[in-house]
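Please work through the exercises below with the sequence and the model side by side, trying each task before reading its solution.

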Amino acid sequence: ETPKKSFSRPTFLMVGTLEPRKGHAVALDAMEAAWARGIDVGLEIVGKAGWGAEPLATRIRNHEALGDRLNWYPRMDDASLKALYDGCDALIAASYAEGFGLPIVEAGRAGKMVIASDLDVFREVTVAAPSTHFFETGSSDGLRAVIEKIAKRKTRAKPKAPKKPWPTWKESAQSLRDCVEADVWPMRHEPVGRRREHIWRLMEPVVEPDRSDFCLTLVSGPEDFGKLLRFTVKIDNLSTVNWSSAGQGDGVMSVNLGCRLLTGDGADTGIAAPRSSFPLVVPPGSSVYMSIDIAKTTIPPNAVSAEIFLVQEGVAMWRPTLVAPLERLSLKAEPPEQAQAAE
């Protein structure tokens, strides 16, 4: 058995791929705020960098606390991960949106408390956890308050048995079969009101300066995909607002990536490409890579360029926009100063 890793200070663990929606930046902000207030705590991060995680990865690699109060393990074997679960004080699950949350189950099996963003799915999956503290999704200050409360305890928290036994893989598979074949569900969580939904679903217009505080950079394109031309762009959210492709029921207020075709004198040809939607949420300070496709059969003879933009549906097209020529086929990135054009 792998020896348990012990920590000299209260230590918190995050497990999972680094992605904007996972909330690692929220956790790091909370830790930095706690450190600034003289709270000696540690953060252990396990997971490789995924799409849109370059700014966060650079921030971690260059952090002054790296190797001491902050550690990042892009890869780790099961035995070492188990040692981290056994040695930490609590797991942090800071996602803006999540499909399940397997690390919460792993922390529960290790008898460790969980600090989770207030998502409905986390309310479900933490039912059997020994203890759970919820904080407002996306709030680094709310997370910091929970971290400090745990850190200031006179004695370190000891592992506790789960509130009920975790199912085996065989039992879990049978439970899924019962859900599909017989509509028999092991548990149901009924959200209270719609409070948490508002956190990542846009319900009102984004106003200045937030709706112009972003950067569009051409990564590649147009790339020839037979019947399609594809542009890929990097989008940096420099504002203070969470962007989401989820809005009101009819789609109004959602933020999406759009594209329209222009003539040589910059006039709109009236031809627009279908919208591209964000994968869930794009929090402030994060980046996302997206593509948008134009059907070749829709391109009129007088079209010479594509104008790529962000739009809040039913509200306004945001500026600055990105204008790229149609005639150049390339798989290489265009220098930002050549690719980006602001009106």
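The exercises that follow treat model confidence, two sheets and a group of aromatic rings.

This is a predicted model, in which local features need pLDDT of at least 70 and side-chain atom pairs count only at pLDDT 80 or more, while totals for chains, interfaces and linings use all residues. Residues are numbered from 1 along each chain as its sequence is written, and side-chain values use heavy atoms, with hydrogens and water left out.

**Exercise 1. State what pLDDT the chain averages, and examine residues 193-199 and 328-343.**

Begin with the chain, whose average pLDDT (the predictor's confidence in each residue, from 0 to 100) is 83, with 85% of the residues scoring at least 70. Next, take residues 193-199, where the pLDDT is below 50 and the model has eleven contacts (heavy atoms within 4.5 Å) beyond near neighbours in sequence. Finally, turn to residues 328-343, where pLDDT likewise stays under 50 and the model has 36 contacts beyond four places in sequence.

**Exercise 2. Determine the strand order of the open sheet of six strands, and place helices H3 and H4 against its strands.**

Helices (H or I, at least four residues) and strands (E, at least two) are DSSP runs, numbered from the N terminus, and two strands pair if DSSP finds at least two bridges between them. The order reads E3-E2-E1-E4-E5-E6, with parallel pairing. At the edges stand E3 (70-73) and E6 (132-135), each with a single partner strand, so one side of each has no neighbour in the sheet. Within the sheet, E4 (residues 90-93) and E5 (residues 113-117) run parallel and are joined by four bridges, and Ala-93 stands opposite Ala-116 in E5.

For the helices, axes are lines fitted to C-alpha atoms, over the stretch in contact in the case of helices, and angles run from 0 to 180 degrees between N-to-C directions. H3 (residues 78-87) lies across E1, E2, E3 and E4 and runs at about 140 degrees to E1, whereas H4 (residues 102-109) lies across E1, E4 and E5 and runs at about 170 degrees to E4.

**Exercise 3. Work out the order of the open sheet of three strands, and identify which strands stand at its edges.**

The order is E7-E8-E13, with antiparallel pairing. E7 and E13 (287-295) stand at the edges with a single partner strand each, so each has one side left without a neighbour in the sheet. Neighbouring strands here are turned by 20 degrees against each other on average, direction ignored. Eight bridges support the antiparallel pairing of E7 with E8 (residues 228-237), and Leu-216 stands opposite Ile-235 in E8.

**Exercise 4. Count the aromatic pairs and classify the pair of Phe-214 and Trp-318 as well as that of Trp-243 and Phe-278.**

Rings of Phe, Tyr and Trp (its six-membered ring) pair if their centres lie within 6.5 Å, and planes under 30 degrees apart count as stacked, over 60 as edge-to-face and the rest as tilted. By this rule there are four aromatic pairs. The ring centres of Phe-214 and Trp-318 are 6.2 Å apart and the planes stand at 40 degrees, so this pair is tilted. Phe-214 lies in E7 and Trp-318 in the loop between E15 and E16, so the pair ties together parts 104 residues apart in sequence.

For Trp-243 and Phe-278, the ring centres are 5.9 Å apart and the planes at 20 degrees, so the pair is stacked. Phe-214, Trp-243, Phe-278 and Trp-318 form one aromatic cluster.
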